[in-house]
Amino acid sequence: MPQPILTAAAMRDAETAAVAAGTTYAALMATAGKAVADTAARFALGRPILVLAGPGNNGGDGYVAASILAERGHDVIVAAHGDARSAEAIAARAAWQGQTIALADAEPRPILIDALFGTGLSRPLDADVATTLQSLVDAAEFSLAVDVPSGVDTDTGADLGAPHGLTATLALGAYKPAHLIEPAAGLCGHLFLADIGVPARGSWHVIARPQLVPPPRDAQKFTRGLVVVVAGAMPGAARLAARAAIHAGAGYVILAGADAGQPEAIVHKPLGDPADLAAILDDDRIGCVLIGPGLGRDDRASALLDIAVASRHPLVVDGDALTLLGREAPHRLAPRADIAMTPHAGEFARMFASADGKLLATLSAARAIDGVVVHKGPDTVVAAPDGRAAVQIERSSWLSTAGSGDTLAGILAARRATGVDFFGAAQQAVWFHTRAAKLAGPAFVADQLSHYLPAAIGECL
Ligand SMILES: NC(=O)C1=CN([C@@H]2O[C@H](COP(=O)(O)OP(=O)(O)OC[C@H]3O[C@@H](n4cnc5c(N)ncnc54)[C@H](O)[C@@H]3O)[C@@H](O)[C@H]2O)[C@@H](O)CC1
Ligand SMILES: Nc1ncnc2c1ncn2[C@@H]1O[C@H](COP(=O)(O)OP(=O)(O)O)[C@@H](O)[C@H]1O
Ligand SMILES: [K+]
């Protein structure tokens, strides 16, 4: 099962359900605190430890960890901020027998455990707290955030004053949006996940390695998936997408409106008049149509887009096609079945309002178009209209290169054409895209990405 992603409220509900099923809040805090202590001890190597303990249960985890580390012989000081509030945090603080100082008096130590605030943060950090925390993180040799970095919004990933430069974050029980969505994700450092015995389920999860099977014994090129890529003003982008589609497992790829170039296996069909597209798309064997990469934004592009939207096939809308749709996207696309779009942040903003952070904004966009939205970026979110979402955890920042999005769109069209629904196909595409980038090594150009797709697919058989 892929790892779930829980909001702060969903995590609290999961904790409540675990308690109803027989455990106690104190036992959960003991497990969480031990996980923090174990992780810190792995990296402390005998160096002095400073634990920053806030007023809530995140601070409670910090006190438990401090006690365990001190019992194991580590040199530990706690810097407390605010009075412990919940019964469990009060008990954890009372059980701590070592030195406690005020946060304002804390001097740097080589190992820092940040247990100031977790999922209960309800407003930005006070400026003095943020400044102290940042200076202690800067001076530490290893810093570990408990559950989430103190000063991020758990559900939106917004930065509410969190320190920069934490070495690592130990997510407790489940990933939260802040572990995966920028800018919070970038503040976590290395991400670890601790099982604290709270069964966590939900409709959001991280994108996991796909599981594929080879084509069936009786497969032939058309049953493997026929993809049509529509080219426009800048045919290079459509060529990249078509190459990606044929390397991502489609059995047959047609490039409509541009010379295919390499590989020769791609079939070129000319598009003199935009209406020629309707004839090409009048074919029941087509498994998916892709329109948008390099399409242009002129009248011809609009005419091609109208024909593609009016066709009966699964449709991926990318690039210029998204800009052409703009605020009309929901109105134009919602009546149409079987649709996916792949906007980057700029294209997304031209179509939809973006309140509440990337995850919720993408889910509401998916509902608005009644289709799958792949909201690209380092923290790519795939959302379905029924409320399911999947977020990228494996990343390659080398993907920030021209043509990389065209490649993703081609992979998505191929995976849909093989018969996977768009929500599944989009997760596969995001995974293969990043995996191909890793196999390609640093500083690849987008043209090279496709060549690594077969190897990436090979890892999933
Ligand atoms: N949900 C779970 O299953 C578990 C949660 N645990 C821990 O509990 C944490 C959540 O605990 P809480 O809900 O107590 O939340 P926090 O520990 O994040 O703290 C909330 C407290 O801080 C105050 N506060 C919020 N924002 C503030 C700000 N900007 N400045 C000053 N004070 C502020 C609030 O009034 C509240 O008293 C998790 O992150 C995790 O570390 C673990 O103990 C074990 C299991
Ligand atoms: N910093 C980054 N880290 C990881 N992936 C990235 C990063 N920047 C871009 N990407 C990915 O690279 C692709 C870029 O797409 P896009 O912006 O449409 O580029 P283009 O239009 O040039 O093809 C997307 O899949 C995106 O998720
Ligand atoms: K924290």
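## Elements and overall form

Helices (H or I, at least four residues) and strands (E, at least two) are DSSP runs, numbered from the N terminus. In these terms Asp195 is found in the loop between strand S7 (190-194) and S8. The structure discussed here is a predicted model.

The protein contains 17 helices and 17 strands. Its radius of gyration is 25 Å, close to the 23 Å that the globule rule gives for 461 residues, so the protein is as compact as a globular protein of that length. Taken along the principal axes, the box filled by the C-alpha atoms is roughly 80 × 40 × 40 Å. Buried residues account for 54% of the 461 residues, and among the contacts with a separation of 6 or more, 73% are made by residues 24 or more positions apart.

## The annotated N-terminal domain

An unreviewed UniProt entry assigns residues 11-204 to the annotation "domain: YjeF N-terminal". This span is 37% helix and 18% strand, and its end C-alpha atoms lie 12 Å apart. Asp195, which lies in the S7-S8 loop, is exposed, because 11 other C-beta atoms lie within 10 Å of its own and a residue counts as exposed at 12 or fewer. Asp195 and Gly173 are separated by 22 residues in sequence, while their C-alpha atoms are 5.0 Å apart in space.

## The site at Asn58, Asp114 and Ser150

The unreviewed UniProt entry also gives the annotation "binding site" to Asn58, Asp114 and Ser150. These residues span 93 residues in sequence, yet no two of their C-alpha atoms are more than 9.3 Å apart, so they gather at one spot. Asn58 is found in helix H3, whereas Ser150 is found in the loop between strand S5 (142-146) and strand S6 (168-172).

Asn58 is buried, with 28 other C-beta atoms within 10 Å, and Ser150 likewise counts as buried, with 28 C-beta neighbours inside 10 Å. Apart from residues up to four places away in sequence, Asn58 touches Ala115, Leu116, Phe117, Gly118, Gly120, Val146 and Asp147. With the neighbours within four places left aside, Ser150 is in contact with another annotated residue, Asp114, and its further contacts include Gly54, Leu116, Phe117, Leu125 and Leu133.

## Surroundings of ligand 1

Of the 31 residues around ligand 1, those that come nearest are Gly56, Asn57, Asn58, Gly118 and Gly120. Helix H1 (8-20), helix H2 (25-44) and helix H3 (57-71) are the elements that give two or more residues to this shell, and the most come from H3, with 5 residues. Asn58, one of the residues that come nearest to ligand 1, therefore belongs both to this shell and to the UniProt "binding site" annotation, and its contacts include Gly118 and Gly120.

## The ten-stranded sheet

An open sheet of 10 strands runs in the order S8-S17-S16-S15-S14-S13-S12-S9-S10-S11, with mixed pairing. Strand S8 (204-206) and strand S11 (267-269) stand at the edges with a single partner strand each, so one side of each is left without a neighbour in the sheet. Neighbouring strands of the sheet are turned by 20° against each other on average, direction ignored. Within the sheet, strand S9 (residues 226-230) and strand S10 (residues 252-256) pair in the parallel sense over 5 bridges, and the bridge partner of Val230 in S10 is Ala256.

Two helices can be placed against this sheet. Helix H9 (residues 299-310) lies across S9, strand S12 (286-291) and strand S13 (315-317), and runs at about 150° to S12. Helix H15 (residues 422-440) lies across strand S14 (339-341), S15, S16 and strand S17 (389-391), and runs at about 20° to S15.

## The site around the S15-S16 loop

For "binding site", the unreviewed UniProt entry lists Lys376, Gly377, Pro378, Asp379, Thr380 and Gly405. Although these residues are spread over 30 residues of sequence, they cluster in space, with a largest C-alpha distance of 13.9 Å. Lys376 is placed in the loop between strand S15 (372-375) and strand S16 (381-383), and Asp379 is placed in the loop between S15 and S16 as well.

Lys376 is buried, with 24 other C-beta atoms within 10 Å, and Asp379 is buried with 22; both are classed in this way because the cut-off for a buried residue is 20 or more. Residues up to four places away in sequence not being counted, Lys376 touches Thr342, Pro343, His344 and Gly405, of which Gly405 is itself listed for the site. On the same basis, Asp379 touches Leu180, Ile181, Glu182, Ala185, Lys358, Val391 and Gln392; among them, Leu180, Ile181, Glu182 and Ala185 fall within the annotated span of residues 11-204.

Notes: Residues numbered from 1 in each chain as written. Chains lettered and ligands numbered in written order. Predicted model: local features only at pLDDT ≥ 70, side-chain atom pairs only at ≥ 80, totals over all residues. UniProt positions renumbered as here; feature names shortened; annotations may be inferred. Contact = placed C-beta atoms within 7 Å. Pairing = 2+ DSSP bridges. Axes fitted to C-alpha atoms, helices over the stretch in contact; angles between N-to-C directions. Rg over C-alpha atoms; globule rule 2.2 N^0.38 Å. Near = placed C-beta within 6 Å.
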